[in-house]
Amino acid sequence: MFANIEIKEPIEKVADDWDYLSDRVISRFAAFRASGHNIFGLRRRVISKCGTQDPKKGSVGTHLSLGPQGIVVGTQPPLSVRITTAGTPHRVPHSFGYWHINDKDELYLQIPGTEEGEPGCAVVIMGLAKGKETDSFAWYCEECLTLLYDFVVETGRDGFNEFWRGEREAVRSYNSDVHKRTCPECGHVNPMGYCWNTAKDSPDESAARKIW
Ligand SMILES: [Zn+2]
């Protein structure tokens, strides 16, 4: 795992005080990084009882899951652990503009900073897809939850790097065709989708990120 992280210092210099949350390490996990059987994401966030704030996205403390009874709204207080089980469509408003569906469980841990208002760390750990397991980027009608579009990526077969390529392609495809965003059941037109990384936002996607 040390080798995969590719820190700049020689390993002998850092092995004794290895800390994933130190500034020299955490940036290596700012997106997602696959290592061993898992994928890790470590992100600087301001985590407090009032919620979780991302400097670029605003409030990102609400987790939505889609279950048999419809959308379940969850929040995550500091020092709590949250798990999304495999197969459950889930999303975080203003953070990624699609429902993520994968074949592995995901664990989220919120570690607050030492002082109120100081940046802490949001940790995401999920299993690495293997074999026929996939990741998909899906959109449901906002009004009636009819599935409108589902873009599947063969991450188990093709590797986790396909995740980001697939995400960009899924969002582009969904946004470029209003028919994909129009509900065949009720006629509602969904807002556009957007990627996880704000740097990828077009002006339309940036506007959509503020909406949902
Ligand atoms: Zn509908």
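The exercises below, each with a worked solution, concern the pockets and aromatic rings of a predicted model.

**Exercise 1. Describe the largest pocket: its volume, its lining and the elements that contribute to the lining.**

Step 1. Start with the volume, which is about 320 Å³.

Step 2. Turn to the lining. It consists of 17 residues, and those nearest the pocket centre are Ala30, Arg43, Arg45, Lys56 and Trp196.

Step 3. Look for elements that supply two or more lining residues. These are α3 (23–26) and β2 (38–48). The most comes from β2, with four residues.

Step 4. Sort the lining by residue class. Seven residues are nonpolar, three are polar and seven are charged.

**Exercise 2. State how much space lies in the second largest pocket, and divide its lining residues into nonpolar, polar and charged.**

Step 1. The space in the second largest pocket is about 160 Å³.

Step 2. Find the lining in the structure. Among its residues are Leu64, Ile71, Pro93, Trp99, Trp139, Tyr140 and Trp212. Arg91, Glu142 and Asn190 also belong to the lining of this pocket.

Step 3. The division gives nine nonpolar residues, one polar and two charged.

**Exercise 3. Classify the ring pair Phe96 and Tyr98, and decide whether each residue is buried or exposed.**

Step 1. Ring centres within 6.5 Å make a pair. The centres of Phe96 and Tyr98 are 5.2 Å apart, and the planes meet at 45 degrees.

Step 2. Planes under 30 degrees apart count as stacked and those over 60 as edge-to-face, so the rest are tilted. The pair of Phe96 and Tyr98 is tilted.

Step 3. Buried means under 20% relative accessible area. Phe96 has 12% relative accessibility and therefore counts as buried. Tyr98 has 2%, so Tyr98 counts as buried too.

**Exercise 4. Classify the ring pair Tyr149 and Tyr174, and locate both residues in the chain.**

Step 1. The ring centres of Tyr149 and Tyr174 are 6.2 Å apart. Because their planes are at 10 degrees, the pair is stacked.

Step 2. Tyr149 is in strand β13 (residues 147–153) and Tyr174 in helix α5 (residues 161–176). The two are 25 residues apart, and the pair links distant parts of the chain.

Step 3. Both Tyr149 and Tyr174 are buried.

**Exercise 5. Find which charged residues lie over the faces of Phe32 and Tyr149, and place these two rings in the cluster.**

Step 1. Over the face of Phe32 lies Arg43, at 4.5 Å from the ring centre.

Step 2. Over the face of Tyr149 lies Lys180, at 5.2 Å from the ring centre.

Step 3. Ring pairs link Phe32 and Tyr149 into a cluster whose members include Phe96, Tyr98, Tyr174 and Trp196.

Notes:
Residues are numbered from 1 along each chain as its sequence is written. This is a predicted model: local features need pLDDT of at least 70, side-chain atom pairs count only at pLDDT 80 or more; totals for chains, interfaces and linings use all residues. Side-chain values use heavy atoms; hydrogens and water are left out. On a 1 Å grid over the protein atoms alone, a cavity is a set of points where a 1.4 Å probe fits but cannot get out, and a pocket is an open set with protein on both sides within 12 Å along at least five of seven lines; lining residues have an atom within 4 Å of a point. Grid points are joined across faces, edges and corners, and a volume is the space filled by probe spheres set on the points. Ala, Val, Leu, Ile, Met, Phe, Trp, Tyr, Cys and Pro count as nonpolar, Asp, Glu, Lys and Arg as charged, and the others, Gly among them, as polar. Rings of Phe, Tyr and Trp (its six-membered ring) pair if their centres lie within 6.5 Å; planes under 30 degrees apart count as stacked, over 60 as edge-to-face and the rest as tilted. Buried means under 20% relative accessible area, exposed over 50%, partly exposed in between (1.4 Å probe, protein chains only). A charge sits over a ring if NZ of Lys or CZ of Arg is within 6 Å of the ring centre and within 35 degrees of the ring normal.
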